[in-house]
Amino acid sequence: MKLTLLDQLREQNPIVFNISNFVTVQDVANGLNALGASPIMSEEVAEAGEMVGLAGAVCLNLGAFTVPQVKQITAVGQLANQAHKPLVIDPVAVGAVAYRKQVATELLRTVHPDVIRGNAGEIAALAGLDWQAKGIDAGEGAGDLVTIAQTCAQKQRCVVILSGPTDVITDGTRTVQVENGTPLFQTHVGSGDMLSSIVGAFCAVEDDAFEAAQTACLVFAAIGQSVASSQDRMGSGTFIVKLLDALQFTTVAEIQAIANYH
Amino acid sequence: MKLTLLDQLREQNPIVFNISNFVTVQDVANGLNALGASPIMSEEVAEAGEMVGLAGAVCLNLGAFTVPQVKQITAVGQLANQAHKPLVIDPVAVGAVAYRKQVATELLRTVHPDVIRGNAGEIAALAGLDWQAKGIDAGEGAGDLVTIAQTCAQKQRCVVILSGPTDVITDGTRTVQVENGTPLFQTHVGSGDMLSSIVGAFCAVEDDAFEAAQTACLVFAAIGQSVASSQDRMGSGTFIVKLLDALQFTTVAEIQAIANYH
Amino acid sequence: MKLTLLDQLREQNPIVFNISNFVTVQDVANGLNALGASPIMSEEVAEAGEMVGLAGAVCLNLGAFTVPQVKQITAVGQLANQAHKPLVIDPVAVGAVAYRKQVATELLRTVHPDVIRGNAGEIAALAGLDWQAKGIDAGEGAGDLVTIAQTCAQKQRCVVILSGPTDVITDGTRTVQVENGTPLFQTHVGSGDMLSSIVGAFCAVEDDAFEAAQTACLVFAAIGQSVASSQDRMGSGTFIVKLLDALQFTTVAEIQAIANYH
């Protein structure tokens with residue numbers, strides 16, 4: 001775990017080009033900005049090459065798209081691959097919506113991500129495992145989650161982050177589990193989207209995607225946990241305000257002090 | 001008034017599929033989430049059938065759309081009708097913009113909503129009444145508002161919510177007026193959009209749309225009033241933060257204690 | 001500097017029609033609303049004429065657009081010119097992305113803005129000056145910024161606002177510099193977009209675009225500075241909440257007390 005990557009990120013201020021989810025785009029931009037990265041967004045394929053050229057990393061969020069946007073998303077992914085820019089894919093809802101799974105599967109045929117980040121249902125769907133039938137509620141064994149994440153990583157040949165109360169980060173062989181976090185992440189729509197783009201920001205300053213991914217997860221989870229523990233009975237409105245503040249101010253030492261991973 | 005529907009909503013966590021207004025989509029998603037429902041959004045017609053299938057209710061916000069989106073909105077509305085999913089329509093600006101009125105009128109020819117929610121100008125436009133000419137400022141008699149809402153409900157054969165300092169809820173025969181609320185709702189763009197989607201969430205847990213609509217109005221208005229009264233001279237930035245918190249934490253008993261309707 | 005324009009704006013509640021940037025649209029709408037203006041947004045060309053007709057001013061934000069949207073943006077700009085409605089253009093990223101510069105240049109061939117607002121790199125690009133090569137970091141002389149803004153204003157024959165730690169406002173001959181502000185504006189994505197639309201709101205209540213532009217800059221910068229100084233080590237999450245509150249409540253006298261311009 002290379003927590004000093006956070007200092008590097010803040011020093012280098014990498015540009016992250018996001019194909020964003022229109023529901024959460026403003027929070028994602030503000031989250032990246034608060035942490036110390038620089039967000040750019042575009043939906044126009046004519047400027048995709050330039051945007052990828054400016055970027056230190058690219059994040060494709062599949063949270064809300066139309067058919068024309070799928071073409072642009074695919075083009076951006078291919079351009080990122082060609083330019084050897086780190087690529088993160090967030091396959092929103094591929095576990096619940098067959099159409100989403102079909103689009104993501106097609107995309108993964110022509111685009112190779114460095115990192116895929118999703119929840120258990122999404123990662124299981126891309127692993128080809130039947131998880132949805134069991135639901136994604138707590139109570140499922142952590143062992144299963146590791147297997148799912150590893151299977152997905154092996155199948156998709158990339159680093160996989162399976163987010164949840166415990167984040168599982170794996171390259172198919174090596175696995176790290178981050179135990180930090182807070183249930184408040186679930187109360188605010190877009191926490192997952194924000195994490196995916198933050199993973200991109202860490203990939204922009206660290207070539208090893210497995211290192212970048214696990215550090216991003218620890219930083220985000222620990223900062224969220226720290227915010228949640230600062231007040232009793234915090235609501236989702238207050239949480240996002242304080243989360244943005246904390247993304248800006250939390251130090252490596254403060255994260256180190258509460259880091260809980262294995 | 002069945003305030004216990006709020007507890008049911010929080011227990012059942014119904015999915016509300018929103019055709020959203022891009023200006024306010026994130027607040028709407030967060031508001032639904034904070035209250036205890038689960039928001040999904042999509043602009044792609046190819047997944048409309050699946051989205052409607054997942055949903056406990058559908059809300060069509062006509063606040064900002066392009067011609068291609070009108071096709072998707074219409075398809076979603078028809079699918080909701082076919083699947084007998086409760087359907088809420090928010091006809092934003094149909095009182096002020098002739099093009100919006102034309103699109104909404106066309107939509108209402110092929111799609112039947114369970115609830116329409118709008119302000120006085122919007123509801124009057126859909127009732128075929130000449131309200132715009134008189135303006136929508138305060139000082140108009142409440143009696144007029146009831147007549148407008150009832151006329152619209154009878155013409156459109158659905159429950160109508162006419163929102164304002166007093167919310168008028170009617171099925172064309174029975175009428176309830178909710179007197180709770182706060183002027184702060186007007187200071188935050190998207191309060192009305194949030195209410196429309198919350199009406200959808202209540203419709204997902206209560207078959208009687210008239211009951212669901214009036215309860216949604218009372219819950220939202222009372223929570224807003226409670227937030228506003230918690231601090232002198234509250235601004236719109238603080239209001240939305242505290243509103244999201246309060247949507248999450250306010251209990252049925254707390255709402256009951258300040259409920260003001262007849 | 002006509003600070004009393006703020007009182008006029010709050011009294012007249014002008015409608016500002018925004019072609020918005022999807023990343024920041026909600027904050028822009030809330031910012032306009034909080035200050036006392038009334039935002040409307042639309043992406044549909046079929047209602048462009050009506051929207052322009054309703055509006056007291058029009059603001060075209062070029063922050064995120066697709067090719068079809070460029071057609072709508074152009075149509076809206078031309079309609080604003082024909083109807084003699086004040087027109088503000090925010091040429092986001094024209095300094096960094098050649099495609100954006102090309103679209104903006106094309107737009108400026110058929111649409112005449114009353115005000116252009118951008119940062120140093122954007123204004124230099126529209127002035128035809130080679131600024132990007134030098135970067136846009138602090139340390140550049142303020143004298144250069146004035147020259148860049150004036151050159152752009154002369155070339156584009158309109159008022160130009162070059163935003164930064166010092167805002168330069170010029171009609172090509174007369175120049176005002178506003179020294180108020182806070183680095184917190186940079187921590188929140190969309191501060192510039194919000195300012196551009198607020199410039200539109202001031203143009204709606206003051207025929208002299210140079211007066212309107214400088215007053216808008218002073219009001220926005222002074223309110224931001226006042227918010228930032230109200231708390232040590234404020235983060236970007238807290239800043240936007242308090243900024244919205246302060247846009248609503250700050251008086252002309254409070255701004256006058258800290259106004260710093262020449």
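Visitor: Okay, a crossing of helices counts as right-handed if the near helix is turned clockwise from the far one by less than a right angle, and as left-handed if anticlockwise. Which hand is the crossing of helix 2 and helix 11 of chain C?

Guide: Helix 2 and helix 11 of chain C make a right-handed crossing. Do keep in mind that this is a predicted model.

Visitor: Noted! At what angle do their axes cross, and within what distance do they come?

Guide: The axis of helix 2 (residues 25-35) of chain C comes within 6 Å of the axis of helix 11 (residues 236-249) of chain C, and the two cross at roughly 30°. Angles under 35 degrees count as roughly parallel, so helix 2 and helix 11 of chain C are roughly parallel to each other.

Visitor: And which residues meet there?

Guide: From helix 2 of chain C you have C:Asp27, C:Asn30, C:Gly31, C:Ala34 and C:Leu35. Helix 11 of chain C brings C:Ile240, C:Leu244, C:Leu247 and C:Gln248 to that meeting.

Visitor: Staying with helix 11 of chain C, what does C:Thr238 touch?

Guide: Leaving out residues up to four places away in sequence, C:Thr238 touches A:Val241, A:Asp245 and C:Gln231. C:Thr238 sits in helix 11 of chain C and counts as buried, with 13% relative accessibility.

Visitor: Let's hop over to chain A, then. How many residues does helix 11 of chain A have, and how far does it reach?

Guide: Helix 11 (residues 236-249) of chain A has 14 residues and reaches 20 Å from its first C-alpha to its last, close to the 20 Å expected.

Visitor: Is helix 11 of chain A largely enclosed or not?

Guide: Twelve of its 14 residues are buried, so helix 11 of chain A is largely enclosed by the rest of the structure. Among the buried ones are A:Phe239, A:Val241, A:Leu244, A:Asp245 and A:Gln248.

Visitor: New topic: what rotation superposes chain A on chain C?

Guide: Turn chain A by 120°, with 0.0 Å of shift along the axis, and it superposes on chain C with an RMSD of 0.0 Å. The two copies are thus related as by a three-fold rotation axis. In chain A, the C-alpha nearest that axis belongs to A:Phe22, 4.2 Å from it.

Visitor: What about chain B on chain A?

Guide: Chain B superposes on chain A by a rotation of 120° with 0.0 Å of shift along its axis, at an RMSD of 0.0 Å. In chain B, B:Phe22 comes closest to the rotation axis, with its C-alpha at 4.2 Å.

Visitor: Do chains B and A meet through different surfaces or matching ones?

Guide: Different ones: only 14% of the interface residues of chain B are also interface residues in chain A, so the copies meet through different surfaces.

Visitor: Last thing, backbone oddities. What is the phi of A:Asn13?

Guide: A:Asn13 has a positive phi of about 50°, although it is not a glycine. Most residues other than glycine have a negative phi. A:Asn13 lies in the loop between helix 1 (5-12) and strand 1 (15-19) of chain A and is partly exposed, with a relative accessible area of 39%.

Visitor: And B:His84, is that one buried or exposed?

Guide: B:His84 is exposed, with a relative accessible area of 71%. Its phi is positive too, about 55°, and you'll find B:His84 in the loop between helix 4 (67-82) and strand 4 (87-90) of chain B.

Note on methods
Residues are numbered from 1 along each chain as its sequence is written. Chains are lettered from A and ligands numbered from 1 in the order in which they are written. This is a predicted model: local features need pLDDT of at least 70, side-chain atom pairs count only at pLDDT 80 or more; totals for chains, interfaces and linings use all residues. Side-chain values use heavy atoms; hydrogens and water are left out. Copies are superposed by least squares on the C-alpha atoms of residues with pLDDT of at least 70 in both. Helices (H or I, at least four residues) and strands (E, at least two) are DSSP runs, numbered from the N terminus. The expected span of a helix is 1.5 Å times one less than its number of residues. Buried means under 20% relative accessible area, exposed over 50%, partly exposed in between (1.4 Å probe, protein chains only). Axes are lines fitted to C-alpha atoms, for helices over the stretch in contact, and angles run from 0 to 180 degrees between N-to-C directions. Angles under 35 degrees count as roughly parallel, over 145 as roughly antiparallel, 65 to 115 as roughly perpendicular and the rest as oblique. Contact means heavy atoms within 4.5 Å.
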